Amino acid sequence: MIRVLLADDEELVRSAVAALLALEDDLDVVAQAADGPAAVAAALAHRPDVALVDLEMPGLDGVAVAAEITRALPGCRVVVLTGRGRPAHLRRALESGARGFVTKGASGATLADVLRTVHAGGRYVDPGLAADALSAPPCPLSPRELEVLRLASFDLPAAVIAQRAHLAPGTVRNYLLAAQAKLDASTRAEAVRTAERFGWL
C-alpha cells in the first residue's frame, strides 16, 4: 500500500479527492490536513509515502510545505496540486523538492497514476503546464524585484512593503521603479499585471 497524506484547505475538494483515492486498491489516505502547518505536522506524525498538497493553503503554501516535508522526511515524495498552475509556480514547486505537479482538472485515474509514479521514484508535470513553462519568456526581474512586486500586487503602501520585506521605503520605491522599467510598465499595477500574465508572480 502507498500511504498518502492529503492537504487542501477546501473541504469539498479534499473529501472528493480522498473518495477518489479510496477507490484504488494500492492507495491509502492515512491523514488529511486543511492548511500548511497542519500538513507538515501530519506528515511528521504519520510518515506517509506520498504527500499530495494544494498549492494555495493558509499558513504555508504548497511550495513551502513541499520544502519542509522534503527536508524533514526525505523518503516522502511530494506532489503539488493546483487549480491554476503557472510556469513560475511549477518552477518554485520543483525547486522546493516536489516530484510532481498536477492540476485539479486531472482525472482521478491520472491522479492515482501520478502518485504511483512519484512513489516509484519518477516525476510528473502536467503536460499543458510543462509546454507553457517551456514557451514562457525568461523573467527579467531579480529575485528581490519579484518579491517587492509580489507584495505590491496586494496593493500595499510602500511603507508596509518595506516593513514586510525588511527594506527601507526608498529601496522599495527603487525596486518598483526598476521593475516597471524592465517590464515597460507606466504604473506598478501595470507591472503586476504583466508579471502575472507571464506567470512570474
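**View 1. Confidence along the predicted chain, from helix H6 to strand E1.** In this predicted model, confidence is lowest in helix H6 (residues 127-135), with a mean of 71, and highest in strand E1 (residues 2-7), at 98, where pLDDT is the predictor's confidence in each residue, from 0 to 100, and helices (H or I, at least four residues) and strands (E, at least two) are DSSP runs numbered from the N terminus. The protein averages a pLDDT of 91, and 95% of the residues score at least 70. Where pLDDT is low, the predicted coordinates should not be read in detail.

**View 2. The buried side of helix H8.** Ala158, Ile161, Ala162 and Ala165 are the buried residues of helix H8 (residues 158-165), buried meaning under 20% relative accessible area, exposed over 50% and partly exposed in between (1.4 Å probe, protein chains only). Because these buried residues cover an arc of only 100° around the axis, they lie on the same side of H8, the arc being that of the directions from the helix axis to the C-beta atoms. They pack against helix H7 (143-152), helix H9 (169-182) and helix H10 (188-197), with contact meaning heavy atoms within 4.5 Å.

**View 3. The other side of H8 and the residue that follows.** Ala159, Gln163 and Arg164 are exposed on the other side of H8, and just after H8, His166 takes a positive phi of about 55°.

**Notes to the views.** Residues are numbered from 1 along each chain as its sequence is written. Local features need pLDDT of at least 70 and side-chain atom pairs count only at pLDDT 80 or more, whereas totals for chains, interfaces and linings use all residues, and side-chain values use heavy atoms, with hydrogens and water left out.
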